[in-house]
Amino acid sequence: MANVPWAEVCEKFQAALALSRLELHKNPEKEPYKSKYSARALLEEVKALLGPTPEDEDERPEADDGPGADDHTLVLPAEVVEPEGPVGQRALRLAVIEFHLGVNHIDTEELSAGEEHLVKCLRLLRRYRLSHDCISLCIQAQVRGFTMLARPQVICLPWPPKVLGLQTCNNLGILWSEREEIETAQAYLESSEALYNQYMKEVGSPPLDPTECFIPEEEKLTEQERSKRFEKVYTHNLYYLAQVYQHLEMFEKAAHYCHSTLKRQLEHNAYHPIEWAINAATLSQFYINKLCFMEARHCLSAANVIFGQTGKISATEDTPEAEGEVPELYHQRKGEIARCWIKYCLTLMQNAQLSMQDNIGELDLDKQSELRALRKKELDEEESIRKKAVQFGTGELCDAISAVEEKVSYLRPLDFEEARELFLLGQHYVFEAKEFFQIDGYVTDHIEVVQDHSALFKVLAFFETDMERRCKMHKRRIAMLEPLTVDLNPQYYLLVNRQIQFEIAHAYYDMMDLKVAIADRLRDPDSHIVKKINNLNKSALKYYQLFLDSLRDPNKVFPEHIGEDVLRPAMLAKFRVARLYGKIITADPKKELENLATSLEHYKFIVDYCEKHPEAAQEIEAELELSKEMVSLLPTKMERFRTKMALT
């Protein structure tokens with residue numbers, strides 16, 4: 001290097017960085033990595049100019065000194081050692097070059113070579129990794145291996161951000177996740193987290209950014225800029241730890257790290273509104289499943305507020321293209337956030353129903369009274385729960401999020417009016433979701449949104465005391481579900497068809513029960529009511545039978561062994577068909593006897609099947625007991641009918 005001015009070395013390095021950042025689509029079509037290879041050549045030149053590594057001169061590593069062996073890079077250093085003097089500075093600069101060579105090889109899909117360079121980077125930094133000059137590079141190198149994950153499997157953060165220039169313990173985490181060595185990735189990412197915490201505790205000052213090793217002193221970054229970049233590195237580390245924990249099914253940890261990442265992105269103003277909002281909305285689903293509705297509401301409210309910033313903040317190196325250039329993505333994410341709101345409203349209402357229903361699914365007034373008494377306690381505990389939860393934003397942003405939250409309850413609805421408020425909110429988001437998820441192009445998503453809409457009506461009906469109005473709600477469900485059976489090809493959408501057929505059948509079944517209850521209140525039901533009941537009965541039978549027929553093999557034979565995934569619905573369908581035949585109103589004794597015989601046949605099927613397959617009994621305990629009872633009673637009733645018919 002003595003013959004080459006230092007300024008020329010720095011110039012080569014900066015040229016290599018510029019080529020590395022060149023977007024692939026700007027390269028020739030037949031040479032997509034042309035700029036990457038040019039950058040690599042320059043980096044190799046700089047490496048040669050820097051001279052041999054200290055390891056080459058002193059302590060050449062053993063052949064097996066790699067990530068699979070006991071890697072001392074994962075052990076926290078006992079003290080801070082700065083890379084002072086020519087040897088230390090050369091080690092640091094070579095580590096920077098090895099890092100960029102590692103990233104370069106990973107970007108060109110040469111993973112083994114990329115790993116070798118990243119490991120070399122960490123070896124060079126081993127003594128100095130807690131120092132002011134090396135900590136940032138070390139953490140980024142450990143994380144970089146994880147950020148190249150080809151197909152992230154995370155729920156909390158399913159759409160990773162575009163990250164430019166991440167550097168080495170982080171890099172190895174990504175690389176090893178790509179090879180499904182998730183535990184290795186976990187070790188490197190957790191090591192990075194521990195390094196950050198130790199550095200902040202023992203040193204605290206904003207560290208040197210790796211790029212500063214090859215720029216003149218007068219162009220060094222300010223303390224503020226260094227701090228911003230270092231905190232961004234740590235935020236990325238938390239981001240990928242969330243993905244690792246999700247992959248390992250450590251969901252509590254994954255949610256915690258996801259929440260922390262989102263909070264830090266807001267604090268450091270390093271986020272893209274669309275991406276941040278969808279991640280926050282997705283995180284809400286974790287809290288919904290945990291029945292933590294206050295936290296879920298906070299995530300969704302924050303998602304709405306941040307999503308509203310789309311197009312209002314300037315793009316950064318971490319953000320995708322300007323929003324105006326991706327209208328389809330904008331509308332898709334808007335629809336996805338709407339679907340998260342639908343799940344919030346639906347689950348909160350369903351949870352209230354489960355808490356207040358009796359053993360036949362009707363409103364239990366005693367349970368309702370008990371929950372009313374608990375309401376004051378829930379309100380008293382609200383502030384303490386809020387203090388424990390991680391809150392997003394400060395100042396005006398916090399106020400904006402709170403304004404959205406205040407319009408939505410997080411408490412279980414206890415009566416129709418409270419349930420109706422949640423229903424209307426959920427229905428608003430149904431319409432919003434359907435704007436993007438239309439049947440033409442998004443069949444499955446559209447159907448799921450319609451099914452959620454139907455479920456909202458179903459749970460709202462639980463809170464309604466007027467039977468006629470309940471009937472109308474079920475009628476609305478049928479009106480939105482029946483057209484789907486016409487549009488769907490059962491050959492390609494068999495499972496979805498089954499779900500819809502079963503749900504329509506159940507809606508007709510509920511309507512029939514309600515009409516029967518209304519008729520029972522009348523002294524002498526007229527023929528119109530009787531006809532209505534029978535028509536509802538017939539429609540319910542039709543759809544239950546369609547569902548059951550879908551289980552038959554190509555030869556139209558019903559299976560001797562029903563699959564676990566459809567066992568309970570199949571048994572319920574059989575039970576309800578049996579009950580429906582017993583509910584048909586007819587003045588013809590012969591027809592009534594035929595209906596009773598068909599009813600008995602279905603009850604017997606349930607009893608016989610559960611005797612042959614004991615595991616099925618656990619799925620339908622209550623229905624099995626009633627079936628056994630009817631198998632015992634119906635023959636006697638039918639015999640009385642035959643005797644009566646013989647005498648007339």
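**Entry: α21 and α22**

I looked up the handedness and found that α21 passes α22 in a left-handed crossing (the near helix is turned anticlockwise from the far one by less than a right angle). The model is predicted, so I note that local features need pLDDT of at least 70 and side-chain atom pairs pLDDT 80 or more, while totals for chains, interfaces and linings use all residues. Residues are numbered from 1 along each chain as its sequence is written, and side-chain values use heavy atoms, with hydrogens and water left out.

The axes of α21 and α22 come within 10 Å and cross at roughly 150 degrees. Axes here are lines fitted to C-alpha atoms over the stretch in contact, with angles from 0 to 180 degrees between N-to-C directions. I therefore log α21 and α22 as roughly antiparallel to each other (over 145 degrees). On the α21 side I listed N537, A540, L541, Y544, F547 and L548, and on the α22 side P569, A570, A573, K574, R576, V577, L580, Y581 and K583, as the residues that make the contact (heavy atoms within 4.5 Å). Sorted by class, the contact of α21 with α22 has 11 nonpolar, one polar and three charged residues. Nonpolar is Ala, Val, Leu, Ile, Met, Phe, Trp, Tyr, Cys and Pro; charged is Asp, Glu, Lys and Arg; polar is the others, Gly among them.

**Entry: the loop between α21 and α22**

I checked the loop between α21 (527-549) and α22 (564-583), where K556 is found. K556 is not a glycine, yet has a positive phi of about 65 degrees. With a relative accessible area of 64%, K556 is exposed (over 50%; buried is under 20%, partly exposed in between; 1.4 Å probe, protein chains only).

**Entry: another positive phi**

L291, also not a glycine, has a positive phi of about 60 degrees. I placed L291 in the loop between α11 (273-289) and α12 (293-307). L291 counts as partly exposed, at 45% relative accessibility.

**Entry: α17 and α18**

I took helix α17 (residues 416-436) against helix α18 (residues 443-463): their axes come within 10 Å and cross at roughly 170 degrees. The two, α17 and α18, are therefore roughly antiparallel to each other. From α17, the residues that meet α18 include F416, F423, V430 and F431; from α18, those that meet α17 include V449, L456, F457 and L460. By class, I have 11 nonpolar, four polar and two charged residues in the contact of α17 with α18.

**Entry: α2**

I looked up the length of helix α2 (residues 34-50): 17 residues, reaching 25 Å from its first C-alpha to its last, close to the 24 Å expected (1.5 Å times one less than the number of residues). Its buried residues are S35, K36, A39, R40, L42, L43, V46, K47, L49 and L50. The buried residues of α2 pack against α1 (6-20), α4 (85-107) and α5 (111-125). G51, just after α2, takes a positive phi of about 95 degrees.

**Entry: K515**

K515 is found in helix α20 (residues 494-521). I have K515 as buried, with a relative accessible area of 15%. Leaving aside its neighbours within four places in sequence, K515 is in contact with E468, C471, K532, I533 and L536.

**Entry: totals**

I read the secondary structure as 25 helices and zero strands (DSSP runs numbered from the N terminus: H or I of at least four residues for helices, E of at least two for strands). Of the 648 residues of the protein, 50% count as buried. Among contacts with a separation of 6 or more, residues 24 or more positions apart account for 78%.

Terms used
Angles under 35 degrees count as roughly parallel, over 145 as roughly antiparallel, 65 to 115 as roughly perpendicular and the rest as oblique.
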